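Visitor: I would like to learn how to read cores and disulfides in a model. Where should we begin?

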Amino acid sequence: MVAFIGKVIGVFFEYDTPRIVHIRSKKVGFINRFIQLCIIGYIIGYAIIFQKGYQEFDNVQGAITTKLKGVAETKNVFSSNSSRIWDVNDYVVPPQENLAFFVTTNLIVTDGQQMGVCDEDGKVAGANCTLDASICLPGEPLLTGDGYMTGACVETKRYNNTKVCEVVAWCPTEDGRKPLPNPPALAIAEKFTVFIKNNIEFPKFGVKRRNIVGFDDQNELRNCRFKLEDDKYKFCPIFVLGDIATYAGTQFVNIAQKGGVIQILISWNCNLDHGAENCLPEYSFRRLDEENDVLSPGYNFRFSRYYKDENGTDTRTLFKAYGIKFILTLQGRAGKFSIVPLVLNIGSGLALLSVATIICDIVVLYVLKSRALYKEKKYLEVVGDDAYEEMRDDSRAG
């Protein structure tokens, strides 16, 4: 035990200093230079050139606004079978969204609804009382239906030999038998256009840009249409909805039938060393929902328009709107030369060169045949005049 304590104390009074051993060996020399070249290649090729380690960066900040144009006509979607003209105020619901917009492409209309008592639709869960009239509990709501039950179980004209719960609701309730128009009621929306205006800034560098570039006057801008493959019109901020669907890898008529979600990605990846005027946007598109979904496919929701009839009674038209939700996403960053990140990358790279020495020491001391000779030359013990002498365990003496 005393000897162990003595060794521990002895370590406290020792000092190690590196010793330079010049080894003339083809194997070791090749390994050393090869590792050094790999590290230098990583520093220069990847860290500095590819990753632009000589630049400082700033993420893009900005705002996106949209304006849609287009007119449609529908027939046979209202109970009167009359035609109706739809402008942007009708088919864009809601009128403004943050970084998104919705375009109605298909719909089911229940018009002339007034508050009253009527039969619930037979496809609503819990509404069919043909076999058990006691399920119609008075004063209880049908949460997936249209109103509160009166307690009566009544014959319905919509389905043969079927009874449903009577409800207090907006009557008549939505008819679950009504088919979705095919082709889509607003199939012409394929030709509608959207003007996307994007103003961005890189605050660190004081650079502001907008996505309206390369057009000399208002008429030229108004008449341009985005074309992904065209060197000029790939910067046009006016997009045809049908083209957006095509760029997203789908057909407009397919996504318009039951709706869907498309992302419009605006990327600003700029090298400000080449000048702020060369900082230009890039557009990409993709469909976010799955076209072949079996359960709850597409995108739809309901909304109402209210008015008073000729008798002054509150009346509404219920729309079940199917359409395309366009999600606008802004991303990107700008880089500009700075001496600080360059020095940091070079310094960290030089520190990596020590890895070559570590690997070569392992090869020399533990792998090569002459490792015993190299160990003898590598390690040298020098005992000073004031070296600590380990204590002896006298109890073992004799």
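Guide: Begin with the nonpolar core: a set of buried Ala, Val, Leu, Ile, Met, Phe, Trp, Tyr and Cys residues joined through side-chain atoms within 4.5 Å. Buried means under 20% relative accessible area, exposed over 50%, and partly exposed in between, with a 1.4 Å probe and protein chains only. The model is predicted: local features need pLDDT of at least 70, side-chain atom pairs count only at pLDDT 80 or more, and totals for chains, interfaces and linings use all residues. Residues are numbered from 1 along each chain as its sequence is written, and side-chain values use heavy atoms, leaving out hydrogens and water.

Visitor: Which residues of the largest nonpolar core touch the most other members?

Guide: In general, nonpolar side chains tend to be buried together in soluble globular proteins. Here the largest core has 50 residues, and Val-103, Phe-202, Leu-241, Ile-244 and Phe-326 touch the most other members. Elements giving two or more residues to this core include strand S5 (100-119), helix H5 (241-247) and strand S14 (314-337); helices and strands are DSSP runs (H or I, at least four residues; E, at least two), numbered from the N terminus. S14 gives the most, with 6 residues. A second, separate core of 9 residues includes Val-124, Cys-129, Met-149 and Cys-165.

Visitor: How many disulfides are there?

Guide: A disulfide is a pair of cysteine sulfur atoms within 2.5 Å. By this rule the count is 5. With bonded cysteines counted along the chain, the pattern is 1-6, 2-4, 3-5, 7-8, 9-10.

Visitor: What do the links of Cys-129 and Cys-136 tie together?

Guide: Cys-129 is joined to Cys-153, S to S 1.9 Å. Cys-129 lies in the loop between S5 and strand S6 (148-155) and Cys-153 in S6, so this pair ties together parts 24 residues apart in sequence. The link is right-handed, with 95 degrees about the S-S bond. Cys-136 and Cys-165 have their sulfur atoms 2.0 Å apart; the torsion about their S-S bond is about -85 degrees, so that disulfide is left-handed. Cys-136 lies in the loop between S5 and S6, and Cys-165 in strand S7, so parts 29 residues apart are tied together.

Visitor: Why is the sulfur of Cys-38 without a bond?

Guide: The closest cysteine sulfur, in Cys-360, is 12 Å away, which is too far for a bond. Cys-38 is partly exposed, with a relative accessible area of 40%, whereas Cys-360 is buried, at 6%.
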